[in-house]
Amino acid sequence: MTKKYKNEGLMKVLVILGALVGLITLILGLAGMENYGFVDPLVALDRIIIFIIGLVIVVITFWVGFKPNEPIPFHWLVLIILAILLIVFGAGIWACVLVLIAGLIGIIEEL
């Protein structure tokens, strides 16, 4: 049994926008174009490895936004974990902020 959020539509839009922004930031980071939304990820790893891992995280984020509760639960804790993974693996600050806002909306609704 999964929880149905009152503002689930808004949360889905924020998660999908966060994934789109993350994808764009990953592509710009791979191309070497520095922008203010890009945080240089773990320095020891190669740029291609960071791109592949970041791309997997972005695809999972898309998956959560488009098909909630199918493979991965649409829960506030999952959204916050995805937001942290987005920032760690180079998807950018703005992608993290959008997904984090969706997670915070879920926390507020559970209180």
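1. Phe62 is buried in this predicted model, at a relative accessible area of 17%. Phe66, by contrast, counts as exposed, with 56% relative accessibility. The two residues form an aromatic pair of the stacked kind, with 6.0 Å from centre to centre and 10 degrees between the planes. A search of the whole structure finds one aromatic pair, and Phe62 with Phe66 is that pair. Both sit in helix H2, four residues apart, so about one helical turn separates them. The pair therefore joins a buried ring residue, Phe62, to an exposed one, Phe66.

2. On the overall fold: the secondary structure amounts to four helices and zero strands. In sequence order the pattern is α-α-α-α. The chain has 111 residues, of which 38% count as buried. Its exposed area is about 6400 Å², and carbon and sulfur atoms supply 76% of that area. Taking contacts between residues at least 6 apart in sequence, 73% join residues at least 24 apart.

3. On the core: the largest nonpolar core contains 25 residues. Met11, Val58, Phe74, Leu79 and Leu86 are the residues with the most contacts inside it. At least two core residues come from each of helix H1 (8-30), helix H2 (47-66), helix H3 (76-88) and helix H4 (93-110). In soluble globular proteins, nonpolar side chains tend to be buried together.

4. Leu79 deserves a separate look. Apart from neighbours within four places in sequence, Leu79 is in contact with Met11, Val15, Val64, Phe74, Val99, Ala102 and Gly103. Two of these partners, Met11 and Phe74, are themselves listed with Leu79 among the core residues that have the most contacts.

5. Which residues does Thr61 contact, leaving aside its neighbours within four places in sequence? They are Val15, Ala19, Leu82, Leu86 and Val99. Thr61 belongs to helix H2 and counts as buried, at 0% relative accessibility. A polar atom of the Thr61 side chain lies 2.7 Å from the backbone oxygen of Ile57. The polar side chain of Thr61 thus has a backbone partner in Ile57, while the contacts of Thr61 listed above include Leu86, one of the core residues with the most contacts.

6. On charged pairs: the count of salt bridges comes to one. Lys12 forms a salt bridge with Glu8, and the closest N and O atoms are 3.9 Å apart. The cut-off is 4 Å, so the pair qualifies at that separation. Both residues are in helix H1, four residues apart, or about one turn of the helix.

7. Is Glu8, the acidic partner, buried or exposed? Glu8 counts as buried, with 8% relative accessibility. Lys12 is partly exposed, at a relative accessible area of 27%. Beyond its neighbours within four places in sequence, Glu8 is in contact with Pro68 and Phe74. Phe74 appears again here, having been named among the core residues with the most contacts.

8. Lys67 lies in the loop between H2 and H3. Its relative accessible area is 48%, which makes Lys67 partly exposed; the exposed class starts over 50%. The C-alpha atoms of Lys67 and Lys12 are separated by 9.3 Å, although the two residues are 55 apart along the chain.

9. Leu30 is in helix H1, and the range given for that helix is 8-30. Leu30 counts as partly exposed, at 33% relative accessibility. Setting aside neighbours within four places in sequence, Leu30 is in contact with Arg47, Ile48 and Phe51. For one of these, Arg47, the C-alpha atom is 6.7 Å from that of Leu30, with the two positions 17 residues apart along the chain counted as separation. Helix H2 has the range 47-66, so by the residue ranges the contacts of Leu30 with Arg47, Ile48 and Phe51 run from helix H1 to helix H2.

Terms used:
Residues numbered from 1 in each chain as written. Predicted model: local features only at pLDDT ≥ 70, side-chain atom pairs only at ≥ 80, totals over all residues. Heavy atoms only, no water. Core = buried A, V, L, I, M, F, W, Y, C linked by side-chain atoms within 4.5 Å. Buried < 20%, exposed > 50% of the residue type's maximum accessible area, 1.4 Å probe, protein only. Contact = heavy atoms within 4.5 Å. Phe/Tyr/Trp six-rings, centres within 6.5 Å; stacked < 30°, edge-to-face > 60°. Areas by Shrake-Rupley, 256 points an atom, 1.4 Å probe, with all protein chains shown as cover. Polar contact = N/O pair within 3.5 Å; in protein donor to acceptor, adjacent residues only side chain to side chain. Salt bridge = Lys/Arg side-chain N within 4 Å of Asp/Glu carboxyl O.
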